Amino acid sequence: MALAYDGAIQRLIDAFNRLPGIGPKGAQRIAFHLLSAPDEEANELVEAIEEVKAKVRFCDICGNVCESSPCPVCADPRRDHTIICVVEEPKDVMSVERTREYRGLYHVLGGAINPMANVGPEDLSIAKLLDRLKTNEVQEVILALDPNIEGEATTTYLSRLLTPVGIKVTRLASGLPVGSDLEYADEITLGRALAGRREA
Ligand SMILES: [Zn+2]
């Protein structure tokens with residue numbers, strides 16, 4: 001029995017298999033789905049990938065994904081520029097936005113401290129965060145990291161770093177499902193955790 005398909009189809013399966021959350025079986029299903037799908041459907045996927053790689057970038061201020069920098073949140077004068085909510089990934093910005101409980105700004109760290117994966121504070125966008133705090137406009141930093149070991153370690157690190165700066169540092173109230181990702185919390189639970197935030 002052959003262990004791999006011939007040529008192009010195997011390359012496509014391998015490419016999907018490298019993506020997060022798909023796995024070998026899912027990769028095979030998607031590849032064969034595309035093989036029998038109408039050309040338009042396959043072309044739409046190709047164009048969407050090309051467009052995202054060509055157009056989407058990271059905001060120079062907050063690190064969120066956007067098509068123009070500064071991003072619409074940083075550039076919006078109606079947002080509260082005295083509060084910054086610190087999150088791990090761009091997808092977490094979307095999770096917090098969905099709660100409709102928050103009107104401040106964001107700062108995307110690009111991950112969390114994780115010694116097992118060799119991710120230290122120097123690998124995260126922390127220097128940029130400190131720079132943003134120098135303007136004296138910011139009065140509160142909310143640490144909204146994932147409720148897991150890495151998020152907890154990063155919260156502790158940042159609160160020790162930021163408290164001497166003299167800015168109010170808060171963290172989400174407990175109640176989020178422990179050991180998971182911010183994105184898995186439903187809007188109501190995350191909204192409550194935000195509203196009930198406490199000093200870190
Ligand atoms: Zn921004």
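## Helix α7 and its surroundings

Against which elements do the buried residues of α7 pack? In this predicted model, the buried residues of α7 pack against α4 and β5. Those buried in α7 are L190, G191, A193 and L194. They cover an arc of only 160° around the axis, which places them on the same side of α7. The other side of the helix carries I188, R192 and A195, which are exposed.

A general point helps in reading such a pattern. An α-helix has 3.6 residues a turn, so residues three or four places apart point the same way. At the N-terminal end, α7 is capped by D186. A side-chain oxygen of D186 lies 3.1 Å from the backbone nitrogen of I188.

## The nonpolar cores

The largest nonpolar core comprises 40 residues, and V96 and L172 have the most contacts inside it. At least two residues of this core come from each of β3, α4 (90-99), β4 (104-108), α5 (126-133), β5 (140-143), α6 (149-162) and α7 (187-195). The largest share, five residues, is supplied by β3. In soluble globular proteins, nonpolar side chains tend to be buried together.

L172 illustrates how this core is connected. Apart from neighbours within four places in sequence, L172 is in contact with I142, L143, A144, L182, L190, A193, L194, R197 and R198. A second core, separate from the largest one, has six residues and includes I9, I13, A31 and L34.

## The zinc site

The model also contains a zinc ion, coordinated at 2.3 Å by the SG atoms of C59, C62, C71 and C74. The four donor atoms make angles of 105 to 115°, and the site is tetrahedral. Along the chain, the donors follow the spacing C-x2-C-x8-C-x2-C. The site links distant parts of the chain: C59 lies in the loop between β1 (57-58) and β2, while C71, 12 residues apart from C59, lies in the loop between β2 and β3. Both C59 and C71 are buried.

The loop between β2 (65-66) and β3 (80-87) also holds D76. D76 counts as buried because its relative accessibility is 13%, under the 20% limit. Beyond residues up to four places away in sequence, D76 touches H81 and R103. P70 lies in the loop between β2 and β3 as well, and the peptide bond from S69 to P70 is cis, with omega near 0°.

## A buried glycine in α6

G151 is located in helix α6. With a relative accessible area of 0%, G151 is buried. When residues up to four places away in sequence are not counted, G151 touches E88, A112, L145 and D146. The C-alpha atoms of G151 and I113 are separated by 7.3 Å, although the two residues are 38 residues apart along the chain.

## Exposed residues with positive phi

Two residues that are not glycine have a positive phi of about 60°: R100 and N118. R100 is found in the loop between α4 and β4, and N118 in the loop between β4 and α5.

Are R100 and N118 buried or exposed? R100 is exposed, with a relative accessible area of 77%. N118 likewise counts as exposed, at 69% relative accessibility. Each value is over the 50% limit, so both residues fall in the exposed class.

Methods:
Residues are numbered from 1 along each chain as its sequence is written. This is a predicted model: local features need pLDDT of at least 70, side-chain atom pairs count only at pLDDT 80 or more; totals for chains, interfaces and linings use all residues. Side-chain values use heavy atoms; hydrogens and water are left out. Helices (H or I, at least four residues) and strands (E, at least two) are DSSP runs, numbered from the N terminus. Buried means under 20% relative accessible area, exposed over 50%, partly exposed in between (1.4 Å probe, protein chains only). Contact means heavy atoms within 4.5 Å. Donors are N, O and S atoms within 2.8 Å of the metal (3.2 Å for Na, K and Ca); water is not among the atoms, so sites may look incomplete. Four donors count as tetrahedral if all angles lie between 85 and 135 degrees; four count as square planar and six as octahedral if opposite donors are over 155 degrees apart and all others between 65 and 115; anything else is irregular. A nonpolar core is a set of buried Ala, Val, Leu, Ile, Met, Phe, Trp, Tyr and Cys residues joined through side-chain atoms within 4.5 Å. The arc is that of the directions from the helix axis to the C-beta atoms. A polar contact is a pair of N or O atoms within 3.5 Å; within protein, one must be able to donate a hydrogen and the other to accept it, and residues adjacent in sequence count only if both atoms are side-chain atoms.
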